[in-house]
Amino acid sequence: MSRSTLRPESLPGGRLARAASAAVAAPAAKPAKKTAAPAAPKGSGEIRIIGGQWKRTRLPVAQRPGLRPTPDRVRETLFNWLGQDLTGWRCLDAFAGTGALGLEAASRGAAAVQLVESDPALVVQLHTLQQRLKATAVRVQRGDGIAALKQAAPASVDLVLIDPPFDSELFAPALQAAARAVSTIGFIYLEAPRLWTEEELAPNGLALYRHLKAGAVHAHLLRLIA
């Protein structure tokens, strides 16, 4: 706090008096601005297995540009549609990404789950998850999902999982290849940024069996037209 100087002044009557001036407080100093803490580096994301032998198991997932794990609500709905128990099923996850869909199928008893992914960093992560879970039914393959579907024997897969990047042109060719690979009583799951109509699906011999919209995600369960 600063102080003002006191000066004598002449007052009426010839007497000198000392007039006190009030001390004036200096404005309080503004507190220093807090520097924003640097953002924590982005680590791994996380997925949660919804059901089956690994129910509630949380698994770390590498964060990669454009990677979009299927939301828990959508996965739960999908496996409700499929009947929960996939014992003995043969599954091919053509664009595995985080592995959330394929690992969920394996958790629910699928006999064989092929996870196909082109990103080498994600392939490493998938191998890590497969080993951690001791998921002997799961096979991780680095490669092109559409090529893997074309290489599958006709009508050899009970569940085909298709979840390519939303900004890609892979949906139509993937559906065409999946229609050949899926068994006559099997299912194709399609996750897309829009609804695929019956008119678009029919040329590949496919029909919409179930549909769910959750945010920006359109989840389709498809079957071959009888």
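Q: Leaving aside its neighbours within four places in sequence, which residues is glutamine 125 in contact with?
A: Glutamine 125 touches Pro60, Val61 and Ala62. This comes from a predicted model. What makes each of these pairs a contact is that they have heavy atoms within 4.5 Å. The residue itself sits in helix α3.

Q: Why is glutamine 125 called buried?
A: Its relative accessibility is 16%. Buried means under 20%, so glutamine 125 counts as buried.

Q: And why is leucine 195 called partly exposed?
A: Let's do the check again: leucine 195 has a relative accessible area of 37%. Partly exposed is the range between buried, under 20%, and exposed, over 50%, so leucine 195 counts as partly exposed.

Q: Where does leucine 195 lie, and what is it in contact with beyond its neighbours within four places in sequence?
A: You will find leucine 195 in the loop between β9 and α6 (198–201). Its contacts are Glu200, Leu208, His211, His218 and His220. Alanine 219 is 24 residues away from leucine 195 in sequence, with a C-alpha to C-alpha separation of 8.2 Å.

Q: What makes the 38 residues of the largest nonpolar core a core?
A: Membership has two tests: the residue must be a buried one of the Ala, Val, Leu, Ile, Met, Phe, Trp, Tyr and Cys kinds, and it must join the set through side-chain atoms within 4.5 Å. The residues with the most contacts inside this core are Leu78, Leu82, Trp89, Val113, Val138, Leu159 and Tyr189. A second core, separate from it, has 26 residues, including Val157, Ala178, Val182 and Leu190.

Q: Which residues does tryptophan 89 contact, leaving aside neighbours within four places in sequence?
A: Tryptophan 89 is in contact with Leu82, Ala110, Ala111, Ala112, Asp158, Leu159 and Phe187.

Q: Which residues of helix α1 are buried, and what do they pack against?
A: In α1 (residues 72–82), the buried residues are Val74, Arg75, Thr77, Leu78, Phe79, Trp81 and Leu82. They pack against the helix α2 (100–107) and the strands β3 (45–48), β8 (157–162), β9 (182–192), β10 (206–214) and β11 (217–224). After α1 comes glycine 83, with a positive phi near 95°.

Q: Why are β7 and β10 called edge strands of the sheet?
A: The open sheet has 7 strands in the order β7-β6-β5-β8-β9-β11-β10, with mixed pairing. β7 (138–142) and β10 each have a single partner strand, so each has one side without a neighbour in the sheet. On average, neighbouring strands here are turned by 15° against each other, direction ignored.

Q: What makes β10 and β11 a pair?
A: A pair needs at least two bridges between the strands. There are 8 bridges joining β10 to β11, and the two strands run antiparallel, so they count as paired. One of the bridge partnerships links alanine 207 to arginine 223 of β11.

Q: Which strands do α2 and α3 lie across?
A: α2 crosses β5 (90–93), β6 (112–117), β7, β8 and β9, and runs at about 170° to β6. α3 (residues 120–133) lies across β6 and β7, at about 165° to β7.

Q: How many helices and strands does the protein chain have, and what percentage of its residues count as buried?
A: The chain has 6 helices and 11 strands, and 42% of its 226 residues count as buried. Among contacts between residues at least 6 apart in sequence, 61% join residues at least 24 apart.

Methods:
Residues are numbered from 1 along each chain as its sequence is written. This is a predicted model: local features need pLDDT of at least 70, side-chain atom pairs count only at pLDDT 80 or more; totals for chains, interfaces and linings use all residues. Side-chain values use heavy atoms; hydrogens and water are left out. Buried means under 20% relative accessible area, exposed over 50%, partly exposed in between (1.4 Å probe, protein chains only). Helices (H or I, at least four residues) and strands (E, at least two) are DSSP runs, numbered from the N terminus. Axes are lines fitted to C-alpha atoms, for helices over the stretch in contact, and angles run from 0 to 180 degrees between N-to-C directions.
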